[in-house]
Amino acid sequence: MDQAKAGAFIALLRKEVGLTQEQPGQKLGVTNKTVSRWERGNYMPDLDTCLMLSEMFGVTINELLCGQRLSDSAMRETANTVLAEAVRSQAFSLTERTRYWKRKWLREHWLQIVLCAAAVAGLIIAVYLLPDFPDKWKPLAFGMVSLAGVCISSGLHNRMMGYVEAKLFGNPTPRQQ
């Protein structure tokens, strides 16, 4: 896949429909500078953006990535090669994107995590420091508070993974439905 050729083709298609670099950028949620970088062959749009570009300009993703209009026979010949190259050239792997969204969720929810941990630790300390609490019940109370901590931790982890899945695969979270 020739990035410069694909970029020149994107510029040609954009000009054919009479759009400025800013107009497709607004529709795609990127800046006109990003569109310019694509057109100069400095960067390639990700596959989701390629799909939106292909729909916007009335060409196939294969044609967009090849940098030219293709006949049906040429389309069949190049389809697998172009798709394989496009997938390999994605800027970030699934693991890297997963790590990014997990970190983002943790940055946004750090206070909630700290407060939950402090609440569990406070309950454990309270059980052992309360003078009226019978000694024979302390292990049971400690076990129940620990179990509550595990449940809270699991719930937070499940919320984080739901968020990550929604960001990676576009599945709506329960709040988005």
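**Two nonpolar cores in an all-helical predicted model**

Among the 15 residues of the largest nonpolar core, those that touch the most other members are I10, L13, W38, L53, F57, V59 and L64. Such a core is a set of buried Ala, Val, Leu, Ile, Met, Phe, Trp, Tyr and Cys residues joined through side-chain atoms within 4.5 Å; buried means under 20% relative accessible area, with a 1.4 Å probe and protein chains only. Two or more residues each come from α1 (3–16), α3 (32–40), α4 (47–57) and α5 (61–66), with α1 giving the most, 4 residues. Leaving aside residues up to four places away in sequence, L13 is in contact (heavy atoms within 4.5 Å) with F57, V59, L64 and R69. A second, separate core holds 7 residues, including W101, Y163, V164 and L168.

The model is predicted: local features need pLDDT of at least 70 and side-chain atom pairs count only at pLDDT 80 or more, while totals for chains, interfaces and linings use all residues. Residues are numbered from 1 along each chain as its sequence is written, and side-chain values use heavy atoms, without hydrogens and water.

Turning to the whole fold, the protein chain has 8 helices and 0 strands, where helices are DSSP runs (H or I, at least four residues), strands are E runs of at least two, and numbering starts from the N terminus. Of its 177 residues, 29% count as buried. Among contacts between residues at least 6 apart in sequence, 57% join residues at least 24 apart.

A lysine also deserves a look: K138 lies in helix α8 (residues 138–169) and counts as buried because its relative accessibility is 11%. Beyond residues up to four places away in sequence, K138 touches V127, Y128, L130 and F133.

Conventions: Buried < 20%, exposed > 50% of the residue type's maximum accessible area, 1.4 Å probe, protein only.
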